[in-house]
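Hi,

Here is the structure I said I would pass on. Have a look at it first, and then read my notes underneath.

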Amino acid sequence: MKKLILGLTTAVSVVACVAAASAEPVKVGMITTLSGGGASLGIDSRDGFLLAIKQSGNKDVEVIVEDDAQKPDLAVQLADKLIQSDKVDVLTGIVWSNLAMAVVPSAVAQGKFYLSTNAAPSQLAGAGCNPNYFSVSYQNDNLHEAAGEYANAAGMKKVFIMAPNYPAGKDSLSGFKRFYKGEVANEIYTQLGQTDYAAEIAEIRASGADGVFFFLPGGMGISFMKQYAGAGVEVPLIGPAFSFDQNILQAVGDAALGVKNTSTWSKDLDNEANKGFVAAYQAEYNRLPSIYAAQGYDTGNLLLSAMASASVTDADAFRKALEAADFKSVRDKFSFGPNHHPIQDIYVREVIKEGDIYTNKLVDTALTDRADAYVADCKM
């Protein structure tokens with residue numbers, strides 16, 4: 001039995017065997033981003049998941065963690081190794097939707113369960129849904145739909161919208177436009193991983209927009225917000241939680257203060273599961289959790305709840321146990337729709353400063369019991 005290792009930032013492969021009590025062991029392959037510009041997202045996803053397993057005391061969960069370095073071809077290689085050589089039962093952990101599209105269809109076609117801690121592209125919610133695929137996070141469009149609804153409520157009549165050119169970026173702008181009722185001043189797709197936004201900021205300045213909606217996760221968001229503040233543009237920003245997560249905010253600083261963002265989770269959500277999670281995460285890792293950590297934590301607890309009532313060797317029974325979602329979510333209200341994507345509330349948060357820490361506080365609810373736009377196309 002190999003020892004659990006927590007808090008790694010650049011490990012390529014970590015094997016974790018952690019405490020509990022299920023009749024049948026489950027081997028989990030976690031492919032996530034632990035190096036490069038998106039590393040903080042994968043680190044938080046991993047740490048949230050492993051915290052749930054550690055807290056449970058379950059000795060029958062083995063977790064093999066691999067670093068995809070945000071490269072689709074590497075993610076495919078790692079998935080093949082985990083499935084063919086390591087014989088995992090469940091895969092999880094991918095942050096980026098282009099990597100998910102490269103890995104998930106093949107994995108579920110081979111009879112493996114995939115529990116998504118983050119990436120949830122529209123293709124896997126609609127016609128490409130699969131009985132063994134569960135998104136424990138959201139459907140990619142959801143937080144952006146809520147941002148569109150918030151822009152309406154805020155009285156924004158003309159919004160400039162921007163996202164990276166990859167599946168989640170396309171879903172984000174589709175989601176925003178689905179709910180936004182005003183005029184789109186311009187719609188721009190940037191390069192994935194882009195760090196220089198001078199041209200886009202000039203276009204925003206000239207657009208006549210009274211609001212900017214942007215989805216730029218990880219280092220992209222840090223670069224954009226710093227450059228935006230430095231350019232002195234006064235058009236208000238709105239975005240999803242991914243552009244204002246706990247790690248990004250510390251890097252951006254005062255430039256993010258007051259910005260509204262949409263999220264399925266916040267550290268100040270008032271339920272016992274969330275209070276316990278936030279306290280335990282801070283105690284374990286000496287930092288506040290992000291939405292990625294919260295989603296990882298819920299994914300770990302979903303897995304444990306299924307293990308408590310069914311064996312992973314009985315695929316039909318295990319699938320039904322996952323569908324029941326019989327666990328206490330840090331989001332409070334949580335259930336799966338018929339396409340195995342969440343039904344949940346989506347909130348509006350505001351960036352604030354607590355002491356020396358930049359963080360978010362809840363200010364409103366944008367959408368209640370939101371499923372997704374693609375469920376009718378899923379024919380499971």
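What follows is a walk through the two domains, the disulfide, some of the salt bridges and a couple of loop residues.

One thing to keep in mind from the start: this is a predicted model.

**The two domains**

Let's begin with the overall layout. The domain assignment splits the protein into domain 1 (21-140 + 269-344) and domain 2 (142-265 + 346-377). If you take the centres over C-alpha atoms, domain 1 and domain 2 sit 25 Å apart.

How many residues are in contact between domain 1 and domain 2? On the domain 1 side there are 38, and they touch 34 residues of domain 2. Together the two domains bury about 2,900 Å², with 61% of that on carbon and sulfur atoms.

There is polar pairing across this interface too. Between domain 1 and domain 2, 10 residue pairs are in polar contact, counting pairs with both residues at pLDDT 80 or more. As for which elements do the touching, the side of domain 1 that faces domain 2 gets at least two residues from each of α1 (39-56), α3 (97-109), α4, α10 (272-285), α11 (291-307) and β13 (342-354). Of these, α11 gives the most, with four residues.

The interface of domain 1 and domain 2 also has one salt bridge across it. In the salt bridge between K333 and D369, the closest N and O atoms are 3.0 Å apart.

**The disulfide**

Next, the cysteines. The model has one disulfide. It joins C129 and C378, whose sulfur atoms are 2.1 Å apart.

Which parts of the chain does this pair tie together? C129 is in the loop between α4 (122-125) and β6 (133-135), while C378 is in the segment after β14 (357-370), so the bond connects parts that are 249 residues apart in sequence. The torsion about the S-S bond of C129 and C378 is about 90°, so this disulfide is right-handed.

Are the two cysteines buried or exposed? C129 has a relative accessible area of 13%, and the cut-off for buried is under 20%, so C129 is buried. C378 is at 12% relative accessibility, and it counts as buried as well.

**A neighbour in that loop**

While you are looking at C129, find N130, which is also in the loop between α4 and β6. A polar atom of the N130 side chain lies 2.8 Å from the backbone nitrogen of N132. Setting aside neighbours within four places in sequence, N130 is in contact with V108, H340 and M380.

**Salt bridges elsewhere**

The structure holds 18 salt bridges. I picked out a few for you.

- K81 and E66 form a salt bridge, with their closest N and O atoms 3.0 Å apart. This pair links distant parts of the chain, since K81 is in helix α2 (residues 72-84) and E66 is in strand β3 (residues 61-67), 15 residues apart. The two ends have unlike surroundings: K81 is partly exposed at 30% relative accessibility, whereas E66 is buried at 2%.
- K177 and E187 meet through their side chains in a salt bridge of 2.9 Å, N to O. Here too the pair links distant parts of the chain, with K177 in helix α6 (residues 167-179) and E187 in strand β8 (residues 183-190), 10 residues apart. K177 is partly exposed at 36% relative accessibility, and E187 is partly exposed at 30%.
- D47 and R46 form a salt bridge with the closest N and O atoms 2.9 Å apart. Both D47 and R46 are buried. They also belong to a network of salt bridges that links D44, R46, D47 and R287.

**One more residue: I94**

Last stop. Where is I94? I94 is in the loop between β4 (90-92) and α3. With a relative accessible area of 1%, I94 is buried.

What surrounds I94? Leaving out neighbours within four places in sequence, I94 is in contact with I31, L99, A100, V103, Y114, T117, N118 and A119. I94 and D68 are 26 residues apart in sequence, and their C-alpha atoms are 8.4 Å apart in space.

Happy browsing!

Notes: Residues are numbered from 1 along each chain as its sequence is written. This is a predicted model: local features need pLDDT of at least 70, side-chain atom pairs count only at pLDDT 80 or more; totals for chains, interfaces and linings use all residues. Side-chain values use heavy atoms; hydrogens and water are left out. A disulfide is a pair of cysteine sulfur atoms within 2.5 Å. Buried means under 20% relative accessible area, exposed over 50%, partly exposed in between (1.4 Å probe, protein chains only). Domain bounds come from an automatic or database domain assignment. Contact means heavy atoms within 4.5 Å. Buried area is the accessible area (1.4 Å probe) that two parts lose on being put together, summed over both. A salt bridge is a side-chain nitrogen of Lys or Arg within 4 Å of a carboxyl oxygen of Asp or Glu. A polar contact is a pair of N or O atoms within 3.5 Å; within protein, one must be able to donate a hydrogen and the other to accept it, and residues adjacent in sequence count only if both atoms are side-chain atoms.
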